[in-house]
Amino acid sequence: MKIDETDRKILVELQRDAGQSLDEIASAVGSSKTPVWNRIRKMREAGIIGAQTVRLDAEALGFEATFFVLIRTSEHEADWQARFLKALRERPEVQEAHRLAGDIDYILKVRVKNARAYDAFYQALISEVKVHNVTALLSMEEIKATTALPL
């Protein structure tokens, strides 16, 4: 699906606040409700718009520590990778996981209540899969966090 400038404006509004009414979105993009709804529906069907969720305040809920976990492995077989990916998917503390090019094989963003909770996560992970080296970096301050794409 090819998107035009109106579609981009709609996407910007949805990224800003997906809880807005159709009337509010239509007003912000200079259109009426029905065409905006049709465009949103088409973008959902095309897979441009995925699931809508709510952003929670992690600190208000007691999740005060964010760790970036750098993982090096000497294992590269399909069986190891399947076990590793399964372990990551089953751990709700893992907010993001990326496979990297370069010296580090994987980086994880792990959100936990405190250092003790991180250690429990770490111990559970290494009991499930063998890793060569793990480095955990504690984020001292979140300066910017967004899921919005620069449309």
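Modeller: A salt bridge here is a side-chain nitrogen of Lys or Arg within 4 Å of a carboxyl oxygen of Asp or Glu. Please keep in mind as we go that this is a predicted model.

Colleague: With that cut-off in hand, where is Lys109 found, and which side chain of opposite charge is nearest to Lys109?

Modeller: Lys109 is found in strand β3, which covers residues 106–112, and the nearest side chain of opposite charge is that of Glu142, 4.3 Å away. Because a salt bridge needs the nitrogen within 4 Å of the oxygen, Lys109 is left without one although Lys109 is buried.

Colleague: Which residues is Lys109 in contact with, leaving aside its neighbours within four places in sequence?

Modeller: Lys109 is in contact with Thr66, Phe67 and Phe68, with Glu93, Val94, Gln95 and Glu96, and also with Glu142.

Colleague: How many salt bridges does the structure hold?

Modeller: The general idea is that side chains of opposite charge can pair when their charged atoms come close. In this structure there are 8 salt bridges, and one of them joins the side chains of Lys130 and Glu75, at 3.4 Å from N to O. That pair links distant parts of the chain, 55 residues apart, since Lys130 sits in the loop between α5 (115–128) and β4 (133–138) while Glu75 sits in the loop between β1 (65–72) and α4 (78–90).

Colleague: Are Lys130 and Glu75 buried or exposed?

Modeller: Lys130 counts as exposed, at 52% relative accessibility, whereas Glu75 is buried, with a relative accessible area of 18%.

Colleague: Which salt bridges should I look for within helix α4?

Modeller: Take Asp79 and Arg83, whose side chains meet in a salt bridge at 2.6 Å from N to O; being 4 residues apart in helix α4, they are separated by about one helical turn. Asp79 is exposed, with a relative accessible area of 51%, while Arg83 is partly exposed at 37%. Glu90 also forms a salt bridge with Lys86, their closest N and O atoms being 2.6 Å apart, and these two residues likewise lie in helix α4, 4 residues or about one turn of the helix apart. Lys86 is partly exposed, with a relative accessible area of 46%.

Colleague: Which residues are linked in a network of salt bridges?

Modeller: That network is made up of Asp4, Asp7 and Arg39. Two of these residues return when we turn to helix packing, for Asp7 belongs to the α1 side and Arg39 to the α3 side where those helices meet.

Colleague: At what angle do α1 and α3 pack, and which residues meet there?

Modeller: For a pair of helices, an angle of 65 to 115 degrees counts as roughly perpendicular. Helix α1 (residues 5–16) and α3 pack at about 80°, with their axes 11 Å apart, and they are therefore roughly perpendicular to each other. Thr6, Asp7, Ile10, Leu11 and Leu14 in α1 meet Val36, Arg39, Ile40 and Met43 in α3, and by class this contact has 6 nonpolar, 1 polar and 2 charged residues.

Colleague: What is the crossing angle of α2 and α3, and which residues make the contact?

Modeller: The axes of helix α2 (residues 22–29) and helix α3 (residues 33–45) come within 9 Å and cross at roughly 100°, which means that α2 is roughly perpendicular to α3. On the α2 side the contact is made by Leu22, Asp23, Ile25, Ala26 and Val29, and on the α3 side by Lys33, Val36, Trp37 and Ile40. By class, this contact has 7 nonpolar, no polar and 2 charged residues.

Terms used: Residues are numbered from 1 along each chain as its sequence is written. This is a predicted model: local features need pLDDT of at least 70, side-chain atom pairs count only at pLDDT 80 or more; totals for chains, interfaces and linings use all residues. Side-chain values use heavy atoms; hydrogens and water are left out. Buried means under 20% relative accessible area, exposed over 50%, partly exposed in between (1.4 Å probe, protein chains only). Lys and Arg count as positive and Asp and Glu as negative; His and the chain ends are not counted. Contact means heavy atoms within 4.5 Å. Axes are lines fitted to C-alpha atoms, for helices over the stretch in contact, and angles run from 0 to 180 degrees between N-to-C directions. Angles under 35 degrees count as roughly parallel, over 145 as roughly antiparallel, 65 to 115 as roughly perpendicular and the rest as oblique. Ala, Val, Leu, Ile, Met, Phe, Trp, Tyr, Cys and Pro count as nonpolar, Asp, Glu, Lys and Arg as charged, and the others, Gly among them, as polar.
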